[in-house]
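Me: I am new to this structure and would like a close look at one part of it. Please start with the terms you need, then describe that part step by step.

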Amino acid sequence: MMSTNNSDEYDIAIIGGGMVGASLACLLANTSLRIALVDRQLFDESAIPVTQVQPKFDARVSAITAASRNLFDQMGLWDDIAAMRCCGYSNMQVWDADGTGSVSFSAGDVNQLELGNIVENSVILSALYKKLDLIDHVDLITPFSIESFQRDQDAKKITLRSIDGNNLTAKLLVAADGASSKIRELAEFATKEWDYNHLALVTTVKTEAAHRNTAFQRFMPTGPLAFLPLAESASDSGQKFSSIVWSAIPERSEELMFMSDKEFALELSRSIENKLGAIEWLDKRFVFPLRQRHAKDYVQDNIALVGDAAHSIHPLAGQGVNLGLLDVQVLAQELIQGLQAGRNVADMTVLKCYQRKRVGHNLGMMWMMEGFKYLFAERPLPVRWFRNLGMRGVDNIPLVKNQLARRAMGLDW
Ligand SMILES: Cc1cc2nc3c(=O)[nH]c(=O)nc-3n(C[C@H](O)[C@H](O)[C@H](O)COP(=O)(O)OP(=O)(O)OC[C@H]3O[C@@H](n4cnc5c(N)ncnc54)[C@H](O)[C@@H]3O)c2cc1C
């Protein structure tokens with residue numbers, strides 16, 4: 001059930017109604033917990049894509065792994081997402097600017113129909129919010145921007161205060177408030193941070209040639225450029241739209257942002273080595289700063305961090321939200337098991353189990369991204385030889401390649 005301002009006491013307050021926080025609320029649908037889903041902004045209904053003569057796409061998309069798709073299916077959301085719009089991709093080509101190293105992945109190699117799906121973030125949010133509207137023990141409290149919080153003396157509950165003076169009390173606070181998490185900062189969770197010195201430029205384009213359900217990624221010394229296939233509608237056969245994620249050092253990003261549409265279109269097709277022909281149309285460009293960050297602990301008395309609040313990762317492997325969804329899947333399982341065993345919702349044993357199950361996996365993925373970023377930056381020739389030898393090696397050894405693909409799909413972790 002949706003409401004606006006509520007001063008009641010809750011079992012759980014989830015701060016942040018993005019894809020991760022809203023998923024946690026849905027995963028707890030079959031409990032009797034009173035849940036507040038709190039966000040500083042209203043969910044923007046106008047962001048929901050509609051198929052028009054000239055389709056409008058959300059510039060923010062996510063490569064959704066098979067594991068995340070299964071989770072959405074389990075929540076009863078996948079059919080709704082697919083009916084709105086998503087694009088399965090069955091091939092992926094990755095290569096470097098030197099032209100000497102390349103790897104290609106195909107769904108057939110791992111006995112799957114697709115490697116993953118490219119879905120607009122607003123499509124996922126729309127499906128989540130439709131479902132949340134039907135759950136009467138979840139209240140959406142918005143707009144509520146956190147200013148401070150206070151634990152009571154015996155740490156049995158936390159009171160949150162918004163910047164406009166509203167209060168809300170809960171036994172457990174789940175911080176799903178994204179990479180710049182206010183809760184993480186207020187609670188003084190220690191973090192390890194890697195400054196990437198990269199910005200991600202995103203936009204949508206229409207290309208001359210069809211993408212054939214293939215994702216393309218070219219690594220350049222200034223950063224990777226990805227073309228992610230989009231579908232125009234649920235029954236699209238044109239296959240000419242792609243979402244662009246172009247990560248680059250700030251100087252390059254600035255250069256790309258200041259180009260005219262015509263110059264940018266030419267630079268884009270040149271930079272992807274003309275794989276999809278000319279760029280026939282392009283949407284507005286946006287940039288996002290990138291930073292890799294990992295909280296040393298995910299839990300404290302009455303608080304758990306999930307999603308980007310716990311870890312933010314370079315988008316080059318499209319893992320960010322997928323890792324966040326695994327976090328909330330595990331947290332929901334642990335909370336439900338704890339409740340069945342008669343434990344309090346904020347029981348530290350339960351929270352620590354969640355932390356133990358997620359930290360290693362998230363860190364492993366982050367180190368892998370750090371390695372990629374290092375290898376593909378401007379490096380001396382011998383490093384580039386080894387890197388390209390490694391890429392060719394991976395491409396030629398099916399077992400290694402399949403293991404990598406299964407891991408990226410979230411099938412093995
Ligand atoms: C360019 C780019 C491309 C990406 N591509 C992929 C991809 O292909 N695949 C993938 O898996 N991941 C991808 N990611 C990462 C992915 O977008 C994030 O991991 C994901 O959005 C994190 O979700 P979240 O719900 O944890 O946080 P967010 O999406 O950041 O949501 C946080 C929510 O908290 C709310 N909030 C924030 N502060 C407060 C406050 N003080 N009070 C109340 N509410 C607050 C915000 O309004 C927001 O709704 C990409 C990221 C970028 C930048």
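Reply: Helices (H or I, at least four residues) and strands (E, at least two) are DSSP runs, numbered from the N terminus. The model is predicted, so local features need pLDDT of at least 70 and side-chain atom pairs count only at pLDDT 80 or more, while totals for chains, interfaces and linings use all residues. Residues are numbered from 1 along each chain as its sequence is written.

The part chosen is the shell around the ligand. A residue is near the ligand if its C-beta atom, placed from the backbone, lies within 6 Å of it. There are 32 residues around the ligand, and Gly16, Gly18, Gly178, Gly307 and Gly320 come nearest. Four elements each supply at least two residues of the shell: helix H1 (19-27), strand S3 (61-64), strand S12 (191-207) and helix H8 (320-340). H8 gives the most, with four residues.

By class, the shell has 13 nonpolar, 14 polar and five charged residues. Here Ala, Val, Leu, Ile, Met, Phe, Trp, Tyr, Cys and Pro count as nonpolar, Asp, Glu, Lys and Arg as charged, and the others, Gly among them, as polar.

For context, here is one strand elsewhere in the list of elements. Strand S14 (residues 223-230) has two pairing partners described here, where strands pair if DSSP finds at least two bridges between them. Strand S13 (residues 214-220) pairs with S14 in the antiparallel sense over five bridges, and two residues lie between them in a hairpin. In this pairing Arg218 stands opposite Leu225. Strand S15 (residues 241-248) also runs antiparallel to S14, joined by six bridges, with Ile244 as the bridge partner of Phe227.

Key:
A residue is buried if 20 or more other C-beta atoms lie within 10 Å of its own, exposed if 12 or fewer, and partly exposed in between; C-beta atoms are placed from the backbone.
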